[in-house]
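Hi,

Here is the structure I promised to send over. Have a look at it first, and my notes follow underneath.

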Amino acid sequence: MKKRIGLVLLSTILFVSIISNSMCFVSAESTPVIKNVIFMIPDGGGFALFDFANAVKKEGGFNEGIASDNSTKITANYMHLKNYLIGTETTHSASNSVTDSAAAGTALSSGYKTNNGYIGIDPTGRPNATILETAQLAGKRTGIVSTYHWAHATPAAFTAHNESRNNVAVLAEQIVNQGLDVVLGVGFGSAQWGSIDEAVKRGYTITTSREDLEKVTQGAKIWGNHHKTGFPDDIKLTTEPTLAQMTAAAIRALEGSNKGFFLMVEGSKVDAGGHGNNLVQAVSEYIAFDEAFKVAVDYAKTRNDTIVIAVPDHDTGGLNLPNPDSVGGNPNSSDYAEAVAEVKAGINSKEGISWTTDGHTNRRCGVWMYAPSGIKPPKGLSEVPGNTPENRKLVIDNTEIAPYLADLMGLDLKAATDELFVDVTDFGTFDSSNNTFTFNDYNISIVANQSVATVDGKSVDLDGKVAVYSKGKFYVPKCLVPKKLIGHEMKIKTARYKDQATGRIIVKGKLHRDFAGRPVTLLMYKNDVDSLTENDIGYIDQSVINNDGSYVFTFKFFGNVNDYKLGMYLANQTVTDSITEATASYSWLDTSVLLYKENDSFVSGELLIKNYDIEGLTYCMALAFYDANNKLIQLTLSDMKDIDKDITLDNLKVLMPEGTAMVKAFVWANYTQMIPLCKEDHIIMQ
Ligand SMILES: [Zn+2]
């Protein structure tokens, strides 16, 4: 009968399914001034290419018959960007003085240097929130537009996290699962993950033509499937939309939300022109980008809450113009008029110009910005925009742009990283055969690159927050991590009933009715009956037998009944056999847990009781909600329940009342046990 009885109540919070984006996110305190950001990247568009494209525009663009009817329409005889130059940026990566688009895209999207090839992770492999993800977490609508594949380095650097830009399937899976509102450009043809059907299943309207794009209206969720593998050069466009058309459609789809939007637009193929030392291609792509920039600026000018920033990730090709300035450009086009005339005629000119490389260079690139009045530029750049020699000398680093924009929007990249990427490697196991991470001790698992977890057998949608496996470590959004594991105060008292001082004992029995009126004696004692001392007596009492022969004892008992035996005596004869019920009940406040303090992200959740090993336990639980003055404002009680297996107190899944500053959980345990009966048939009463 004596058995070691232990009870451990372990409570934890699985506050997964019911937390909304905004509740999961702690925003910075400053008032956002800028609601919308349009972040534009002419990939590979260094100053020499910019100046050259400006010269071509100045001369009226391509000659008649060179550009197709569907190529970008030129709307000015200068690069629109020209009026918005505020300075330049350095572009080197953590691993090389010459960056690639992955490291540069990561620097632009997230504000830190990383190794060439890395997407959205730092040199140690840790993923960090991008400005797009930070905006999405804050409830803004988000989109990416490019003239190349949507999972290639530049858009991926805003939306995905992996150690290699070449793991396109991984990047694509993360992007599809992220639930962006707008993805435009090359379709699923060269994606290694996902499909049009998959996009449709996730609520996207698929656009395939220019006409489809024109029909896009405010609030639309669109996925552009505009070419199978890669766009033709802008100058040769037939049915595909121009970058300007895609930008216009993306803005229309994204606008109208009172939280605003973040849009990344890439002119992907300026880079291709540089790599191929193909000036016609580079110039036509740069002009296409410039006209898309105009679309964005025209939109921003109708509002006072929208910023448009354009920044190349790096220079490609290192075009050598005569009389170059410190950034390798030359705004004076008369120095290379012959080459301009040839390019206008569709000839890939080498007249008086040359290329340095078919790769990237570390030349500084331009920073162009349109902002509503009153918005200061990044520190160190010009408050007077324009393509002036002075502005071409001002320098910031490419890592300074994302924090600057985050600040303007009232967002915090670091807080978003804490929210999105908690390193849980030590709290579970990663099975590389199925890409799945499972928490130890919890019924929670998630597949890498997915944004739906399995919690207690049920699917839980994490609202576009994806799990990331990076360089041997696993990261999940904070809202999936059991609270205990992220260091919140969870003082659990181990409850053992024998530690409880007071129990209520009931002893009932029945003898023959002939004994009615006679005294019956109850004795609880330790040790052997022959050597009883006073200290061994736990309880002794007498009662009178009822008319029907029954008797009842009810009393409080101090101590552990397991250390005692119970005997019933009539005169000196044992009548213990007549006992029909002998039980001890204990009731105590077992555990109180601080579940929530102000500024924690806990909203509501579940408590799990497990690891008990006694039978007959029941519990009652309460959640107590306090305001900032520690005043109880709501108390929610559960029913009494029997514990017969791990129990989740899901009946206490309640929302916090208004004004809650602290939540505590209380568990009352109730344990009833049989009292051991003595076997001796004789005892001397003295
Ligand atoms: Zn490149």
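Which residues of H9 are buried? Before the answer, one caveat: this is a predicted model, so please read everything below in that light.

The buried residues of H9 are Leu243, Ala244, Gln245, Met246, Thr247, Ala248, Ala249, Ala250, Ile251, Arg252, Ala253 and Leu254. That is twelve of the twelve residues in the helix, so H9 is largely enclosed by the rest of the structure. As for what surrounds the helix, its buried residues pack against strands S3 (141-149), S4 (182-186), S6 (222-224) and S7 (261-267), and also against helices H8 (210-214) and H11 (279-301).

The length of H9 checks out too. At 1.5 Å a residue, the twelve residues 243-254 should span 16 Å, and the end C-alpha atoms are 16 Å apart, which agrees. Just after H9, glycine 256 takes a positive phi of about 100°.

If you want one residue to click on, try glutamine 245, which sits in helix H9. Glutamine 245 has 22 C-beta neighbours inside 10 Å; the cut-off for buried is 20 or more, so glutamine 245 counts as buried. Leaving out residues up to four places away in sequence, glutamine 245 touches Arg210 and Leu213. Its C-alpha atom is also 8.4 Å from that of valine 295, though the two are 50 residues apart along the chain.

Next, strand S1 (residues 36-42). Seven of its seven residues are buried, so S1 is also largely enclosed by the rest of the structure. In a regular strand, side chains alternate between the two faces of the sheet. Here Asn36, Ile38, Met40 and Pro42 point one way, Val37, Phe39 and Ile41 point the other way, and all are buried.

S1 has pairings with S8 and S7 to look at. With strand S8 (residues 306-310) the pairing is parallel, over five bridges, and isoleucine 38 stands opposite valine 308. S1 and S7 also run parallel, joined by six bridges; there, isoleucine 41 has glutamate 266 as its bridge partner. S7 is one of the strands that the buried residues of H9 pack against.

Finally, further along the chain, there is an open sheet of four strands in the order S23-S22-S25-S26, with antiparallel pairing. Its edge strands are S23 (537-544) and S26 (573-574), each pairing on one side only. Two bridges hold the antiparallel pairing of S25 (residues 565-570) with S26, and leucine 570 stands opposite glutamine 573 in S26.

Cheers

Terms used: Residues are numbered from 1 along each chain as its sequence is written. This is a predicted model: local features need pLDDT of at least 70, side-chain atom pairs count only at pLDDT 80 or more; totals for chains, interfaces and linings use all residues. The expected span of a helix is 1.5 Å times one less than its number of residues. Two residues are in contact if their C-beta atoms, placed from the backbone, lie within 7 Å. Two strands pair if DSSP finds at least two bridges between them.
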